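Here are a few exercises to work through with the structure open beside you. Try each task before you read its solution.

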Amino acid sequence: MNLIILLLPIIAIVLMFRSQKKRQQQQQSMQTSLEPGAGVRTIGGLYAQVKAVNDETVELEIAPGVVTHFTKSAIAAVLDPQEYDAIINGRPADDELPEPEAEDADAEPVEDKPLSLTKDGAEKGDVEGGAPASK
């Protein structure tokens, strides 16, 4: 029983270091794969396009003609071209397109009645006028 109490924290520490090392390796491989033209997201949530990659820094174009310098460690993710385009231009991704609504054959057709802004029906307080009469 005492052996389990001693081994449990040691195993937990080893697993934490292992997962941290794995994340560092993923971050390092992502930083080395940066290339001009790629869309990225920074750790601050800024979306930009890579213009140039230097030894320790990256030049990002955040708007047409506006280039800023960030450290490579500030890049949180490299985005797919379709995902970057969808985020920047507001286009939904292909799997996020709204599905057309199915029309029921049993549903009664709704009359297309023009909206009236006159008060002639409002004084009566009926359904046709839309609003009950005010006092």
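A contact here means heavy atoms within 4.5 Å. Keep in mind that the model is predicted.

**Exercise 1. The whole chain**

Work out which elements the protein chain has and in what order they run, then find what share of its contacts is long-range in sequence.

*Solution.* Start with the tally: the secondary structure comes to 2 helices and 5 strands. Next, walk along from the N terminus, and you get α-β-β-β-β-β-α. Now take the contacts with a separation of 6 or more: 35% of them are between residues 24 or more positions apart. Then turn to the surface. The accessible area is about 11500 Å², and 56% of that belongs to carbon and sulfur atoms. As for the inside, 16% of the 135 residues count as buried.

**Exercise 2. The core**

Which residues make up the largest nonpolar core, and which elements give two or more residues to it?

*Solution.* List the members: Met 30, Leu 34, Ala 38, Val 40, Ala 48, Val 50, Val 58, Leu 60 and Ile 75, so 9 residues, each one buried, given that a nonpolar core is a set of buried residues. Then sort them by element: β2 and β3 are the ones that give two or more residues to this core. Finally, zoom in on Met 30. Skipping residues up to four places away in sequence, Met 30 touches Ile 75, Ala 76, Ala 77 and Val 78.

**Exercise 3. Ala 48**

Is Ala 48 buried or exposed, and what is it in contact with?

*Solution.* Place it first: Ala 48 is in strand β2, residues 47-53. Its relative accessible area is 0%, so Ala 48 is buried. Now leave out neighbours within four places in sequence, and Ala 48 is in contact with Ala 38, Gly 39, Val 40, Leu 60, Glu 61, Ile 62 and Tyr 84. For a distance check, try Leu 79: it is 31 residues from Ala 48 in sequence, and the two C-alpha atoms are 10.0 Å apart.

**Exercise 4. Glu 61**

Decide whether Glu 61 is buried or exposed, and find which backbone nitrogen its side chain reaches.

*Solution.* Glu 61 is found in strand β3, residues 57-63. The cut-off for buried is under 20% relative accessible area. Glu 61 has 17%, so it counts as buried. Now follow the side chain of Glu 61: it reaches the backbone nitrogen of Gly 65 at 2.9 Å. Last, pick up the contacts beyond four places in sequence, which for Glu 61 are Ala 48, Gln 49, Lys 51, Val 66 and Val 67.

Definitions and conventions: Residues are numbered from 1 along each chain as its sequence is written. This is a predicted model: local features need pLDDT of at least 70, side-chain atom pairs count only at pLDDT 80 or more; totals for chains, interfaces and linings use all residues. Side-chain values use heavy atoms; hydrogens and water are left out. Helices (H or I, at least four residues) and strands (E, at least two) are DSSP runs, numbered from the N terminus. Buried means under 20% relative accessible area, exposed over 50%, partly exposed in between (1.4 Å probe, protein chains only). A polar contact is a pair of N or O atoms within 3.5 Å; within protein, one must be able to donate a hydrogen and the other to accept it, and residues adjacent in sequence count only if both atoms are side-chain atoms. Accessible areas come from the Shrake-Rupley method with a 1.4 Å probe; for residues, only the protein chains shown count as cover.
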